[in-house]
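Here are my notes on the charged side-chain pairs. Please read them with the structure open.

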Amino acid sequence: MILACNNINKAFGTNEILKNVSFHVEEREKTAVVGMNGAGKSTLLKIIMHEMSADSGEVILSKGSTIGYLAQHEAVSGQNTIYHELLTVKQHLLQMEERIRSLEKEMKHLDGDALSQALDTYNRLNTQFENENGYAYQSEVIGVLKGLGFPEEDFDKSVDTLSGGQKTRVALGKLLLSKPDLILLDEPTNHLDMNSIAWLETYLLNYPGAVIIVAHDRYFLNKVVTKVVEIDNGHASVFTGNYSDYAAKRAMIREAQLKAYFNQQQEIKHQEQVITKLKSFNREKSIKRAESREKMLDKMERLEKPAEIDHEIHLHLEPRITSGNDVLKAEHLSKSFDRLSLFSDLSFEIKRGEKVAIIGNNGTGKTTLLKIINQVIEADSGSFTLGSKVHIGYYDQEHHVLHMEKTLFEEISDDYPTLTNTQIRNVLAAFLFTGDEVFKKIRDLSGGERGRVSLAKLMLSEANFLILDEPTNHLDITSKEILEQAINQYTGTVLYVSHDRYFINQTATRIMDLTGNTLVNYIGNYDYYLEKREELTKIYAPDTSNDRSAGIFGAASTVTKQATETEGKKDWKQQKEEQARERKRQNDLKRTEEEIQKLEIRDKEIDELLASPEVYSDVSRCMELNNEKFEISGKLEELYEKWEELA
């Protein structure tokens, strides 16, 4: 065991965040800490790191063990280049290497005992240097930088010129290179693209130490962790297995908790009614019985109301009117900033009912493409057209659609003036803003709270074409699942950018990968994309496929113009045909299932009729029903075969 947390308690004023939290972490074990926003996950990590003191309880780290921590918004600063900033972690190796070289020069001029002593020191340092992977520290630093998404041309950039997200990635790189026995990571995937997250998964899986991760990325947790510690209502519960194992077990426990809670509430209500009735008789015996029951109620250990009952957002997306079948057609779109070409000659179509995810590395232009379609910025060339009766609802990850100076109440009332005060309060309450919270300024909200306001406005818009830029950023896992359910039930069309692979897998019917300045189309979810990525990238974005096979994903150069145009047109035609075939298959499958269900219901009805005395005593009626049953059996056999082919 490398870490033990025993009966940790922490409160802020009257708000108890952690209540008797206990768990332990074994050597090399990968553990996730999960819970809703505000549950106390980051507080727990700070207590483990002694950055914050617990009200009571103890944190025990095994003797001689080292610990490293990456906070949620941690960043680096200074004049160092990116490469030299990471190299500071290996400073002891640099000094050791310098001492070894110095000894080599000194020994040329020594003899006797002095030479013997210097040689012993030289051999000892050499052995230590080799054991600490000293001969490969430069390639190790380069490997971590590339894995975290820094191309070689950025290695000489000054740290002070980087964005906040890039500085956090540098901080993560330094932590990984320091190789402590226990690593604590708070939302490590927030500033990484998909390829960097995949690299980090592999790195942590092979990491020789223990890891504790706070993250909302369920796909990431599924790949990496073997234990889940859930913080719920201040209490900790420990589950073995990955995130999916935890989710399945927790759903069963939640159901049991809800059932027990509501059963107890029903029993309390029943007892209170009986007590009231007994007292109303106003007789000595009935009053004593009532008092006896009151004592029993007082002694009853009251179950806590499961947190999700009060802390789930209520999101329902429904278009006001139905759009035409053709929702969006983009032709030859191109966009550059200064000398950086993001994409060129992009052409694609989106049909009604599709849920399309745009994926790709950071800096390839995904958000820019959404902004062009939403007319926030203009393309350099090309055009796009919206279909008949298409009404856009836009979710902006930077929340520029919100007005920072307004209160939550004003943000809703100004955009939807027909809503009454009560209706506005009800909408905000559905997104967990109650009481005086509705008068908070937008600028004073956290990222997650602004996300909830944007979702509330999206729901009120009743749009039939949703354009979403990183909609799951800052949402806790419960809220992500609610958003997934809302999108899957939504009858309109969705185009979104996301790095959340689990979310994409649950919601996307098509994926467009923006790579090598072009789009590669995949008709399926994220699992299908993984299966076909290498094959289709080689065909449609060949200049990026070599980087991918090597595990290094950078911005690729543009494919030859003529080849791109020819292949692009051919590809798009094939994709449209394939999409049409897929839609027909889905429709045929649905019709077949409906026919099977109808015939199976009728078959059961006939069985019930044949069992009734009125029918089995009527020979002609019996023969008629038996003939119908025989026909149904034949039809069902054909439909079952057809269903198997379609499915």
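1. The model is predicted. With a side-chain nitrogen of Lys or Arg within 4 Å of a carboxyl oxygen of Asp or Glu as the criterion, the count comes to 37 salt bridges. Three pairs and one network are taken up below.

2. Start with Asp326 and Lys351. Their closest N and O atoms are 2.4 Å apart. Asp326 belongs to strand β10 (residues 326-337) and Lys351 to strand β11 (residues 340-351), so the salt bridge ties together parts that are 25 residues apart in sequence. Asp326 is partly exposed, at 45% relative accessible area. Lys351 is buried, at 14%.

3. Next, helix to helix. Lys457 and Asp415 form a salt bridge, 2.8 Å from N to O. Lys457 sits in helix α15 (residues 447-461) and Asp415 in helix α13 (residues 408-415), so this pair links parts that are 42 residues apart in sequence. Lys457 has a relative accessibility of 11% and counts as buried. Asp415 is partly exposed, with a value of 35%.

4. Which partner of the Asp588 and Lys584 salt bridge is buried, and which is exposed? Asp588 is buried, with a relative accessible area of 14%. Lys584 is exposed, at 51%. The closest N and O atoms of this pair are 2.9 Å apart. Both residues lie in helix α20 (residues 561-610), four residues apart, so about one helical turn separates them.

5. Finally, a network. Arg218, Lys480, Glu484 and Asp500 are joined into one by salt bridges that share partners.

Technical notes:
Residues numbered from 1 in each chain as written. Predicted model: local features only at pLDDT ≥ 70, side-chain atom pairs only at ≥ 80, totals over all residues. Heavy atoms only, no water. Helix = DSSP H or I, 4+ residues; strand = E, 2+ residues; numbered from the N terminus. Buried < 20%, exposed > 50% of the residue type's maximum accessible area, 1.4 Å probe, protein only.
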